[in-house]
Amino acid sequence: MSTDTTASVSTHILDTSVGRPAEGVAIQLAARFGRSAHYGQGGDWQALGGSATDADGRCKDLPALPEGTTHVRLDFAVERYFESHSEKKQADAQQDAPANRDSGAFFPEVAITFAVEPGEHYHVPLLLNPFGYSVYRGS
């Protein structure tokens, strides 16, 4: 939960190639502190820990953000997810998709960085398929 001095983050993943939640995707959370007029000139990234998506594709137990967090980075390790799901191969065959690399994912990882304000909750869903992804601020 967020307070007046901190923000909070949650996420979930939907595998749009099969229309199902993506279970078992490892997610790492990092934070940066300090404001700057130029992106990237704040403090260094601090790893806070991580979790993995549940059967519903949700990651409900990400670590809390420390006071003073101004930017957050979510790192999604999606390559192993695609390696372990044979359903992806069926989707490729149905879509006559181009040949994949051996890993089965064009993007082996997805890193999403966003700004946060104290007292706000940020739900950042990832819509994923083997050849692309999109994110948005959810509710």
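These questions and answers walk through a predicted model.

User: In which strand does H71 lie?
Analyst: Look at the stretch covering residues 69-77. That run is a strand, and H71 lies in it. The strand is β6.

User: Is H71 buried or exposed?
Analyst: Buried means under 20% relative accessible area. H71 has a relative accessible area of 13%. Because 13% falls under that cut-off, H71 is buried.

User: The side chain of H71 makes a polar contact with which side chain?
Analyst: A polar contact needs a pair of N or O atoms within 3.5 Å. The H71 side chain has such a contact at 3.1 Å. Its partner is the side chain of T70.

User: How many residues does the largest nonpolar core have?
Analyst: V9, I13, L74, F76 and F114 have the most contacts inside this core. Among the elements that each supply at least two of its residues are β1, β6 and α1. The core's full count is 25 residues.

User: Where does L62 lie, and is L62 buried or exposed?
Analyst: L62 lies in the loop between β5 and β6. Its relative accessible area is 12%. The cut-off for buried is under 20%. So L62, a loop residue, is buried.

User: How far apart in space are L62 and A52, C-alpha to C-alpha?
Analyst: In sequence, L62 and A52 are 10 residues apart. In space, the C-alpha to C-alpha distance is 8.8 Å.

User: Leaving aside neighbours within four places in sequence, which residues are in contact with V9?
Analyst: Contact means heavy atoms within 4.5 Å. L62 touches V9, so L62 belongs on the list. The full list is L62, L65, V72, L74, F114, H121 and Y122.

Key: Residues numbered from 1 in each chain as written. Predicted model: local features only at pLDDT ≥ 70, side-chain atom pairs only at ≥ 80, totals over all residues. Heavy atoms only, no water. Helix = DSSP H or I, 4+ residues; strand = E, 2+ residues; numbered from the N terminus. Buried < 20%, exposed > 50% of the residue type's maximum accessible area, 1.4 Å probe, protein only. Polar contact = N/O pair within 3.5 Å; in protein donor to acceptor, adjacent residues only side chain to side chain. Core = buried A, V, L, I, M, F, W, Y, C linked by side-chain atoms within 4.5 Å.
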